[in-house]
Amino acid sequence: MSAAARRTWIAAYLAAVLAVCLYLGFPSEALRAHVAHRLAAGVPGLSVAVNDIRPALPPGLELKGVRIARTGVDLLQMERLRIAPEWLTLVREITRYRFEGSAAAGEISGTAEVQGRGEQPLVAMQAQWSGVLLERLPALQEVYGSRLSGRLEGTLTFSGQGSLSGRIRVADAQVDLARPLFDQKSFGFRSVDAEVGLQERTLLLRNGRLRGNEVDAEVSGTIALGSSAGAGALNLTGRISPHHAFMARIEGSLPAALMRRRAAIPFKITGSLEAPAVSLN
């Protein structure tokens, strides 16, 4: 073996030994608690728990078993989440990170800008996801007795001032209702598209369009979140266009005046999340 080759093997061996030592001596427990705190600090009421954390290559962190909750309610469970800084931003006041991970059989990726100091370090975030299964999201399992399923994709933008906006699309959606609507307990939708936003504790829904097997619909309005919302949680309006076959099945459940209408039927949903009231005009 030549001298150059020998030096190369020695350097590789020392690098491997150093990597193993760093991995085995990695302060995962302390860093896990610190990362969980920093991830949750950007959004009021949010809590994050991390099951395990390890270094990754290219240089970054690999988080396993990430659970995200808000006010005690599980929102998302991620099998893995990889976070890596953009190195040129490390010397700046605001550092940019790239992240990618998997959750509910789908993929999530994006960027986040974080300042080094302050109780709420998250300055801005952009995220996109695809292939996420609604039925595997903890927050949507058994929603007041109803069940949701479908494949979710979309984008999300968050600013440090607390504003959140995005677009969502659900393919092959199905809603199994706890209480029948028009004598039907299940509704299927080929696609659901909407613009969403969040202002403090109010979810904003704009330009919602549902293309279904039984009905098509358009809906917009607000949904107040939290236990204090009470009877005024829902304020949604829109129009529903039942398909002819569906109208034939429910003709005994609707007033004759509505059955004779050829245009879309306006509707309004008010009341609480637990017991919404639906009125047709």
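This report walks through the confidence, strand pairing and side-chain contacts of a predicted model.

Residues are numbered from 1 along each chain as its sequence is written, and side-chain values use heavy atoms, with hydrogens and water left out. In this predicted model, local features need pLDDT of at least 70 and side-chain atom pairs count only at pLDDT 80 or more, while totals for chains, interfaces and linings use all residues.

**Confidence**

Let's begin with how far the model can be trusted. pLDDT is the predictor's confidence in each residue, from 0 to 100. The protein chain has a mean pLDDT of 78, with 72% of its residues at 70 or more. Over residues 12–18 the pLDDT stays under 50, and the model has zero contacts (heavy atoms within 4.5 Å) beyond four places in sequence for them. Residues 20–27 also have pLDDT below 50, but that stretch has seven contacts beyond near neighbours in sequence. Where pLDDT is low, the predicted coordinates should not be read in detail.

**Paired strands**

Strands here are DSSP runs of E with at least two residues, and helices are runs of H or I with at least four, both numbered from the N terminus. Two strands pair if DSSP finds at least two bridges between them. Here are some antiparallel pairs.

| Strands | Bridges | Opposite residues |
|---|---|---|
| β1 (residues 46–56) and β2 (residues 60–70) | 10 bridges | R54 and E62 |
| β9 (residues 184–199) and β10 (residues 202–212) | nine bridges | L198 and L203 |
| β10 and β11 (residues 215–224) | eight bridges | R211 and D216 |
| β11 and β12 (residues 234–242) | nine bridges | D216 and S241 |

You can follow the chain through the turns, too. β1 and β2 make a hairpin with three residues between them. In the hairpin of β9 and β10, two residues lie between the strands, and E200 takes a positive phi near 55°. Two residues also connect β10 to β11 in a hairpin. Next to the R211 pairing, L210 stands opposite A217 in β11. D216 is worth a look in your viewer: D216 is the bridge partner of R211, and D216 is also partnered with S241 in β12. In a regular strand the side chains alternate between the two faces of the sheet.

**Side-chain links**

The structure holds one aromatic pair. F187 and F246 form this pair, with ring centres 5.9 Å apart and planes at 70°, which is edge-to-face. F187 sits in β9 and F246 in helix α3 (residues 244–249), 59 residues apart, so-called distant parts of the chain. Rings of Phe, Tyr and Trp (its six-membered ring) pair if their centres lie within 6.5 Å; planes under 30 degrees apart count as stacked, over 60 as edge-to-face and the rest as tilted.

A search of the whole structure finds 10 salt bridges (a side-chain nitrogen of Lys or Arg within 4 Å of a carboxyl oxygen of Asp or Glu). One of them joins E79 to R136, with the closest N and O atoms 3.8 Å apart. Because E79 lies in strand β3 and R136 in the loop between β6 (122–133) and β7 (147–159), this pair ties together parts that are 57 residues apart in sequence.
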